[in-house]
Every structure is written in C-alpha cells, then in structure tokens.
Amino acid sequence: MMKLFGLFIALTFVNNVVLSKFYAICPLMGLSKNPKNALNMGIAVIFVIFLSSIITWLLYYYVLVPLDITYMDLITFILVIASLVQFLEMFLKKTSPDIYKSMGVYLPLITTNCAVLGVALDNITANYNLLEAAVAGIAVPLGFLIVIYIFATIRQRLDIADVPTSFKGAPIALITAGIMACAIMGIAGVV
Amino acid sequence: MKLIIKLALFLSLVAGLSAGAMSYVFQLTHPIITQAQKEAETKQLNAIYKQSHFQSVSFDHKEYPLIENIYEAKKDEKREGYVYKISTPGYGGHIVYLVALDQSGRYLGYSPIDVTTETSGFGSRVGTKEMADRINKKQIGSGIDTLSGATISSKAVVKGIEQATAHYQKHYK
Amino acid sequence: MKKLKILTNGIWKENPIFVMMLGMCSSLAISTSLTNAIGMGMAVTVVLVASNFIISLLRKIIPDEIRIPVFIIIIATLVKCVQLLMNAYTPSLYTSLGVFIPLIVVNCIILGRAESFASKNHPFDSILDGLGMGIGYTLAVFIIAFFRQIIGTGGLSFYNPFNSTQVFFDLHLFDDYAISLFKLPAGAFLTLGCILAFINSRKMKKAIKVDENLEKKGSVKK
C-alpha cells in the first residue's frame, strides 16, 4: 500500500508528465489560457488515461504476449485510445449533453496527446502490475490536470503583465513552464 | 448499413496489410536485436573481467527476487569471481546493473545497464561514476553509502547489492 | 521553382517547432545532445516522408469518413518499423531516445501534414513537403540541443548514430563552468523560450523596416 502511495506521489509530482517527462506540451501551449477549459480538459484526460491504461495493460499481457506478437503493441494501443476517445464522445453526447458541450471540443485532441500513449507504453516498459498501472492511470493525468490548471491561471495574469514585446505569447509561456519545472524539482529532493 | 460494411472492410484491409508489414520487419530485425543484446552483455562482462570465460549459474529466483542472472567468471579454469545482473525497482521503474563480487573479497566493476526510468539529473546519478566510486573496491559485506539527492534510486541499488552479497556469502564463501 | 518552395517552406517559413509549435514534446525531451537531436530528426524525417508518400498515393482510395483512423494505422506501422530498425542498427541511440521513438505516432507534425498536405497533393510534392518539414524539425532540434549541450555540459560532442564508438568530435570547452540546469527539463523550456523570443525580435525588426520602407515610398509618391 505504502509503495503504491509512493508511486502515486512520484508520478503526480516528481516525475510530472508535463514538466519532467515532456508529455502533453501541445495542449499545454495550445489551449491553456482559460482556467475553466483547462480544468475540463484535465478531467477528460483523466477519464481517457485511466481507462486506456487498464485496457492496454490487459490487452498486452493477455492477448499480445500469449500470441507472441508484442511488435503489434503500438498499433493496438493507438487504436484502443482512438476508439476510447470516440466512445467517450458518443457516450457523453447521449447521456449528458451539458458536459459534452463544455468538453466536446477537446475530446478529439486527446488522441494525439502524448501523455495517453506515453502512459500506456511506460506501464509496459516499467514492468508495472495491473494495480500499479491503474495507479499510474490516475496519478499521471492528475499531475497533468494540476499543471495545466496552474499554468492557465498564470497565463491569464501574464496577459495583463508588462512583458518585453519579443517575449510575448509562446516564449514567456515556455519560460513560465521552465520555472514551474524548477519548482517541481524541489519536490524531488524531499521524496 | 452497406456503407458501414464497406468502411469496416477497408479498415480491416489496411490493418491487415500493416500487420503484415510489421511482422516482416520484425522477422528481419529480431535476430539482429537479440544478437546485439547478447553481444552487448558479453561486452559488459568483458569490461569487468578481461579475457574471461563466462557461464550462467542457476539460483533460486524466489529467494533472491532482485537477481536476474549470475555469471561465473573463469580464466584458465581458475575462478575469478561472480558477476550478478540485478534488476531492482527504483523510482519510476527498474534499474538494471551488473556488479562483480571478486574472489579477492571486494566489489568490482559496478556497471549500470538501464537507468532510464529514474528522474534525470537526480535518480539517474546512480548511472554515473559517482555511484560506481562508492561501490568499486569496497570490501564485500561492508555498507555502501547512498547518494544524497538520489536517495530512493541509490537505496534501490544498494538493496540489490545486499541481495547479491547474501547469495554470494551463502554459496561461494 | 514551385517545388523548391514546397521544400523550403517546412525548413524556415513554416518550421514545425519554431513557427507552428507542433511536436514539441519530443523536441524538448531529446534535445540533450547533438547525437540525440540528429538521430531523432532522422527518425522523424523518415516517418514523415514515408507517411506523406503512402497517404498521398492512397488519397483517392481512402474513404473520407475513416481517413483519420487509416492515417493513424499507417503512421503507427511506419513508426513501429522505424523503431524495430533503430533497435537493430542503432542500439545506443535507441536506448537514449527511449519512449520518444514510439511517441512519434502522436507527434502532431506527422498527422498534421498527412491531413493538410498529403491528402490533397501529388506523391512527389508530398515527399518534398515531408522532407522539408523533417529537415525543419531536425534543424530546430539541433539548434536547441546545441545550446543545451554547450551550456549544460560545457562541451559539444557528436557520435556516429550507427556506431557509438566512432566519435566525430568531442570538445570540452569549459567543463568546470557548466550549468547543469540546462540538462534538466527546466533548461529545455528556458532554452526554447529564449530562442523563440530571439526569432520574434528579428521578425519585429524586419516588420519595422518594411513599415519604414513603405512610408518612404509613400512619401516619394506624394
């Protein structure tokens, strides 16, 4: 239990997906200007990563390994993710149109979010068991949610701040991310 | 309905073709990859004991879960030492390394194989000379200091060495 | 002339990283050394050219409704093949690039070019576009890696990606004054931020010059 908790903290903060593993930078730079949207995106990503992390793990160890076709991992994983996203979209559209309305735009983008495929692949390379893969499936996107939300609030403030003109926009956002990465390194020393 | 069947057929055709292409490349590269891995391993073993002959030794994996492999190094029928391949859970995944327990009663040739799962700049330091200096030429059984700032990763490495030591002292001493 | 434009478009005007800000994940992660940068650049270029070529060949057969899944399958297949080949022929590069080779699948550049260029243009043009974009990516990663390696380790080194024992050059310039922060993730963000700011400032200077020229011309006409 303690080990799983340690893994959770490690994956959420220290090995943060965005700031130390560089997954999911595109959505971070692209659409995190509005904190509310960032929050919605983060929640959608938690859904997808949690489910895909479990499904891909099961598929890998119960289908690909017994059949000895582990070289099909990449194509299996990406198809699982793409259909999961599609499924989630249809499901939300039917059951709760309100949530669909607020999240709808971001859903297709999740397929090309490196974090989703990254977690699925990391679960295999790190030799996680199913429980650990499930923990990773929550911890990693939670780290993403935290970073993307904080980042969005900072960027809102940056918009009204007096930044040197050549740094406006993407450059200052990257520098902000760099400073946040420094802050996260501080936690690495504690754990 | 007809459209859906047509689309599904097309999609499965593409998937089938791609599976064929992948299996072809896999057949092509698989022998090279396993060969290269084997060569890399003997190369690493040879870096510890030059011109030695190596032979895998069987052991109880349940009792020593961190030990992946044990090699006996022999030179002209004379036993030089034992090289342990250890895979120990570190920070983000498994750290894999070789360490030799020499007949002279010292640790020798600590060489990391895979530290990619550790946080770069912190835990990854167990893959550098800094860690090797703390292990090499130390008396077998004496404590090994961990690296501050890379505590979890270096503790994991030490744990693996402790297990190797336990095995060595029980069977070869 | 037009063909040349397609090629150079990706290298500078629509550089995937500096201008379009696509495929940032891998470019930031692997830009720790020149060798990694070149290796990753080559892998991305190969996948881009091949996927652009295949998709533009099939552009008239692929049904519109399922084009994205088909693109993804094609790209995933190519990436897996590249991954297996790199594992076989460039083992040391393969281990140092790690998970970022399979992650080329979700690199926005490749799907983006398939959707916006290859699915609408001739195979030959698509190859040129893929090559240009690939070179643009490689160039960008190379520049980031150059600054990160020289500041982070105090030297520059470049190995043959196919044989890590063959060293092209390995300079140690100011080892004692290296700022290791630049080897870490934080350094990657800072480096790219500063490079983008520099590019912005050049662009602004150019824009001001153009404005001045226009004004001069305007006053002459008056």
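This briefing describes how chains A, B and C are built and where they meet in a predicted model. The largest nonpolar core has 163 residues, and both domains of chain B give residues to this core, so it lies between them. Chain A and chain C meet in a contact that takes 33 residues from chain A and 33 residues from chain C.

**The contact between chains A and C**

- On the side of chain A that touches chain C, helix 2 (25-31), helix 4 (73-95), helix 7 (114-125) and helix 9 (170-190) each supply at least two residues, and helix 9 of chain A gives the most, with ten residues.
- The residues on this side of chain A divide into 25 nonpolar, seven polar and one charged.

**The nonpolar core**

- Within the largest nonpolar core, the residues with the most contacts are A:Ala24, A:Ala115, A:Leu117, C:Cys25 and C:Val47.
- Helix 4 (residues 67-89) of chain C gives the most to this core, with 13 residues.
- Once its neighbours within four places in sequence are left aside, A:Ala24 is in contact with A:Val17, A:Val18, A:Asn113, A:Cys114, A:Ala115 and A:Phe144 in chain A, and with C:Cys25 in chain C.

**Two helices of chain A**

- Helix 1 of chain A, which runs over residues 2-14 and has 13 residues, reaches 17 Å from its first C-alpha to its last, close to the 18 Å expected at 1.5 Å a residue.
- The buried residues of helix 1 of chain A include A:Leu7, and A:Ala10, A:Leu11, A:Thr12, A:Phe13 and A:Val14 are buried as well.
- Helix 4 of chain A has 23 residues, which at 1.5 Å a residue should span 33 Å, and the 32 Å between its end C-alpha atoms agrees with this.
- In helix 4 of chain A, the buried residues include A:Asp73, A:Leu74, A:Ile75, A:Phe77, A:Ile78, A:Ile81, A:Ala82, A:Leu84, A:Val85 and A:Leu92.
- An α-helix has 3.6 residues a turn, so residues three or four places apart point the same way.

**Chain B: two domains and an annotated signal peptide**

- Chain B is divided into domain 1 (1-48) and domain 2 (50-171), and the centres of these two domains, taken over C-alpha atoms, are separated by 33 Å.
- The contact between the domains takes five residues from domain 1 of chain B and ten residues from domain 2 of chain B; on the domain 1 side, the residues divide into three nonpolar, two polar and no charged.
- An unreviewed UniProt entry places the feature "signal peptide" at residues 1-21 of chain B, and in the model this span is 95% helix and 0% strand, with its end C-alpha atoms 30 Å apart.

**Chain C: fold and annotated transmembrane regions**

- The secondary structure of chain C comes to eight helices and two strands, which follow the pattern α-α-α-α-α-α-α-β-β-α along the sequence.
- The C-alpha atoms of chain C fill a box of roughly 70 × 55 × 30 Å along the principal axes, and buried residues make up 48% of its 222 residues.
- Among the contacts in chain C with a separation of 6 or more, 77% are accounted for by residues 24 or more positions apart.
- An unreviewed UniProt entry places the feature "transmembrane region" at residues 37-58, 70-89, 95-114, 135-159 and 179-199 of chain C.
- Of these spans, residues 37-58 of chain C are 95% helix and 0% strand, with end C-alpha atoms 31 Å apart, while residues 70-89 of chain C are 100% helix and 0% strand, with end C-alpha atoms 29 Å apart.

How values were computed: Residues are numbered from 1 along each chain as its sequence is written. Chains are lettered from A and ligands numbered from 1 in the order in which they are written. This is a predicted model: local features need pLDDT of at least 70, side-chain atom pairs count only at pLDDT 80 or more; totals for chains, interfaces and linings use all residues. Domain bounds come from an automatic or database domain assignment. Two residues are in contact if their C-beta atoms, placed from the backbone, lie within 7 Å. Ala, Val, Leu, Ile, Met, Phe, Trp, Tyr, Cys and Pro count as nonpolar, Asp, Glu, Lys and Arg as charged, and the others, Gly among them, as polar. Helices (H or I, at least four residues) and strands (E, at least two) are DSSP runs, numbered from the N terminus. The expected span of a helix is 1.5 Å times one less than its number of residues. A residue is buried if 20 or more other C-beta atoms lie within 10 Å of its own, exposed if 12 or fewer, and partly exposed in between; C-beta atoms are placed from the backbone. A nonpolar core is a set of buried Ala, Val, Leu, Ile, Met, Phe, Trp, Tyr and Cys residues joined through C-beta atoms within 7 Å. UniProt positions are given in the numbering used here, feature names are shortened, and annotations may be inferred rather than shown by experiment.
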